[in-house]
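Thanks for coming, everyone. I'd like to walk you through one structure today, so let's get it up on the screen.

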Amino acid sequence: MTSTNARMFLWLGLVLALWLNYETWQRDYALPVPPAATTAAAAPSAKEVTGLAASVPQAAATTTGEASVAPQAAATSVTAPEASTTPTSVASTINVVTDVLNVEISLRGGDLVLADLSQYPLVKGEDTRVRLLNTNPSDFYLLQTGLTGAAGEARPTHLADFEAAQTDYRLSDGADELRVPLVWRDAVNGVTVTKTYVFKRGQYRVDLRYDVENAGANAWRAASYAQILRNDPPVERSMFSVESYAFQGPAFYDGVKYEKLDREDAEDRALSRDIQGGWIAGMQHHFVTAIVPAGGASYRYTIKTDGNQYLLSTTGPSVTVAPGSGATFEETLFVGPKLQAQLEKTGPRLDLVADYGMLTLLAQPLFWLLEQAHKLTTNWGWAIIIVTFLLKLVFYPLSESSGKSMAKMRVLGPRMKNLQETYKDDREKLGRAMMDLYKREKINPLAGCLPILIQMPVFFAFYWVLLESVEMRQAPFAFWIQDLSSRDPFFVLPVIMAGAMFVQYKLNPTPPDPIQAKIFAWMPIIFTFMLASFPAGLIIYWAWNNTLSVGQQYYIMRHERAASRAAKAGGKKA
């Protein structure tokens with residue numbers, strides 16, 4: 001390893017460690033953002049956020065008197081909460097079970113109030129499943145949906161009472177679809193609304209449909225809305241916890257850009273935008289709930305916050321239903337893991353909730369490669385190994401240039417040492433002598449930097465792919481590694497990684513600075529302790545990558561020695 005190249009590795013390690021610590025510190029101890037100076041951008045007042053569960057959006061008025069199911073105008077306001085209602089005040093529920101979901105729907109509002117993911121254990125090997133939605137006062141999490149109208153008008157909001165024909169629905173063997181109809185009636189105005197949830201086999205997407213029948217004498221107006229209500233306490237942050245670095249909170253897509261909302265930011269708390277072709281989401285590591293409004297119309301997106309609580313809403317345009325006619329409203333929900341294949345089919349760019357950050361452009365092709373490798377091997381561990389090998393092949397020309405430079409530097413080691421002893425008291429002369437030596441031997445001491453600089457974005461992108469992709473969660477590899485998303489229980493992989501790093505260090509030329517040499521000798525041990533608690537999938541990548549680097553460097557050095565001997569032999573014959 002050249003001095004410059006070795007220094008790059010050291011800086012890479014230090015940058016990674018400092019970055020992890022900075023992220024943790026920012027989330028734990030950063031000062032809160034001061035309140036906005038103007039009332040327009042300020043956070044909602046205590047009165048406005050009291051009882052977020054009871055907050056019902058108000059439909060925009062319409063001036064048309066004819067029967068119409070076309071959008072008239074985007075909703076522009078949300079009423080203040082009508083009463084202080086806690087999420088625990090839930091009426092009787094009906095249970096819905098599919099092959100992947102076990103949910104409860106409350107007859108008060110017809111809302112999803114509980115969702116267990118039957119194929120995702122909370123802890124591998126145990127019976128408790130991941131629960132996304134629930135009514136626990138400490139961490140309630142609800143999807144509230146309904147139709148709203150002008151203030152004072154009776155509408156099937158998430159506070160209205162619905163009826164159901166049965167209390168238990170199960171997806172039958174051989175059936176691909178399960179429909180769960182709920183009925184709301186307005187006897188005074190002669191309006192009946194059937195709110196139907198449509199569940200499909202193997203899918204975490206849930207289609208929601210409202211069928212309105214107006215048998216009354218007057219026109220009836222309503223707008224559909226859907227909102228995510230969550231009490232979302234901060235995640236305990238630690239540089240040794242992978243979940244510490246995954247975003248948790250509200251997010252939305254405006255048809256062009258995906259944005260994560262910071263509840264401490266005054267501008268984000270003031271969100272109120274008309275958006276077409278977007279969605280809203282409640283995010284956490286590996287799992288998401290999302291609401292995708294119907295396409296072709298503009299919806300008003302808003303957020304309210306109260307401490308750890310947030311209410312992220314989307315409200316559609318007002319629709320007029322003439323007497324004797326009907327109308328249909330539609331929404332799409334998603335409650336489940338961030339499976340990108342399903343997300344892509346559910347909403348426009350909904351796959352962005354698999355949040356790879358600034359390196360998404362690199363990370364998504366890397367995930368696609370992993371998927372293809374998984375199709376061949378049916379094992380995510382082997383897929384990681386194959387993709388790591390392919391990346392090594394892609395970057396081999398750059399690595400070969402770097403390796404040749406290091407091999408030549410190693411051959412020049414004795415001559416460089418002599419120069420250091422000759423000019424030990426004059427660093428300026430030493431520098432000139434070293435540069436003259438590099439020039440005569442046609443060596444570029446910076447040649448080792450370029451491959452590392454180019455590979456660093458790919459390295460971090462692959463890191464985020466392995467960190468964020470739920471497909472790797474609790475996935476087995478082989479032998480004692482039965483969960484790629486958890487640390488190696490016996491720390492064998494970190495030791496293998498450290499061993500490969502040490503061999504690589506010994507293969508490369510020793511840095512001229514003795515202090516630097518000692519630091520690099522300790523780097524394998526430092527990295528072992530730093531990465532010991534990281535997911536096994538990441539350590540497989542690093543250990544295999546280091547092992548390939550050792551083999552690659554050994555091959556290049558052997559080839560260079562052979563070429564050097566051949567050149568010397570040819571010179572003697574001449």
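Here's something to start us off: among contacts in the chain between residues at least 6 apart in sequence, what percentage join residues at least 24 apart? The answer is 68%. Keep that in mind as we go, and keep in mind too that this is a predicted model.

Okay, the overview. The chain has 574 residues, and 51% of them are buried. In terms of secondary structure, we've got 13 helices and 21 strands. The accessible surface is about 27100 Å², with carbon and sulfur atoms accounting for 57% of that.

Now, the inside. In soluble globular proteins, nonpolar side chains tend to be buried together. In our chain, the largest nonpolar core contains 73 residues. If you want to find it on screen, look for Ile105, Leu112, Val180, Tyr197, Phe199 and Trp220, which have the most contacts inside that core. There's also a second core, separate from that one, with 47 residues, including Phe395, Ile481, Leu538 and Ile539.

Let's zoom in on one helix, α6, which runs over residues 380–394. That's 15 residues, and from the first C-alpha to the last the helix reaches 21 Å, close to the 21 Å expected at 1.5 Å a residue. Its N-terminal end is capped by Asn379, where a side-chain oxygen sits 2.7 Å from the backbone nitrogen of Gly381. Quite a few residues of α6 are buried, among them Trp380, Ile384, Leu391 and Lys392.

Lys392 takes us somewhere else, actually. Over in helix α13, residues 536–573, you'll find Ser549. Is Ser549 buried or exposed? Buried, because its relative accessible area is 8%, and the cut-off for buried is under 20%. If we leave aside neighbours within four places in sequence, Ser549 is in contact with Lys392 and Gln504.

Next stop, Arg473. You'll find Arg473 in the loop between α10 (449–468) and α11 (492–507). With a relative accessible area of 15%, Arg473 counts as buried too. So what does Arg473 contact, once we leave aside its neighbours within four places in sequence? The list is Tyr120, Pro121, Leu122, Val130, His286, Phe287, Asp483 and Ser485. Pro121 gets a bit of extra attention: the Arg473 side chain reaches the backbone oxygen of Pro121 at 3.1 Å. And here's a distance to try for yourselves: Arg473 and Pro535 are 62 residues apart in sequence, but C-alpha to C-alpha they're 9.6 Å apart in space.

Let me show you another side chain that reaches a backbone oxygen. Asn231 is in strand β12, and at 11% relative accessibility Asn231 is buried. A polar atom of the Asn231 side chain lies 2.6 Å from the backbone oxygen of Ser138. Contacts of Asn231, again without neighbours within four places in sequence, include Pro137, Asp139, Phe140, Asn308 and Gln309.

Right, on to charges. Side chains of opposite charge can pair when their charged atoms come close. How many salt bridges does a search of the whole structure find? It finds 21, and I've picked out a few.

Let's begin with Arg170 and Asp168, whose closest N and O atoms are 3.2 Å apart. Asp168 counts as partly exposed, at 32% relative accessibility.

Then there's Arg263 with Asp232, at 3.4 Å, N to O. Arg263 is in the loop between β14 (258–260) and α3 (266–269), while Asp232 is in the loop between β12 (220–231) and β13 (249–253), so this pair ties together parts 31 residues apart in sequence. Arg263 and Asp232 are both buried.

Another pair is Glu468 and Lys338, with the closest N and O atoms 3.6 Å apart. Why does this pair tie together parts that are 130 residues apart in sequence? Because Glu468 lies in helix α10 and Lys338 lies in the loop between β21 (326–337) and α4 (340–346). Glu468 is buried at 2% relative accessibility, and Lys338 is buried at 1%.

And one more for the charge fans: Lys200, Arg205 and Asp207 are linked in a network of salt bridges.

To wrap up, let me go back to where we began: of the contacts between residues at least 6 apart in sequence, 68% join residues at least 24 apart. Glu468 and Lys338 make a nice pair to look up, as their salt bridge ties together parts 130 residues apart. That's me done, thanks!

Methods: Residues are numbered from 1 along each chain as its sequence is written. This is a predicted model: local features need pLDDT of at least 70, side-chain atom pairs count only at pLDDT 80 or more; totals for chains, interfaces and linings use all residues. Side-chain values use heavy atoms; hydrogens and water are left out. Helices (H or I, at least four residues) and strands (E, at least two) are DSSP runs, numbered from the N terminus. Buried means under 20% relative accessible area, exposed over 50%, partly exposed in between (1.4 Å probe, protein chains only). Contact means heavy atoms within 4.5 Å. Accessible areas come from the Shrake-Rupley method with a 1.4 Å probe; for residues, only the protein chains shown count as cover. A nonpolar core is a set of buried Ala, Val, Leu, Ile, Met, Phe, Trp, Tyr and Cys residues joined through side-chain atoms within 4.5 Å. A polar contact is a pair of N or O atoms within 3.5 Å; within protein, one must be able to donate a hydrogen and the other to accept it, and residues adjacent in sequence count only if both atoms are side-chain atoms. The expected span of a helix is 1.5 Å times one less than its number of residues. A salt bridge is a side-chain nitrogen of Lys or Arg within 4 Å of a carboxyl oxygen of Asp or Glu.
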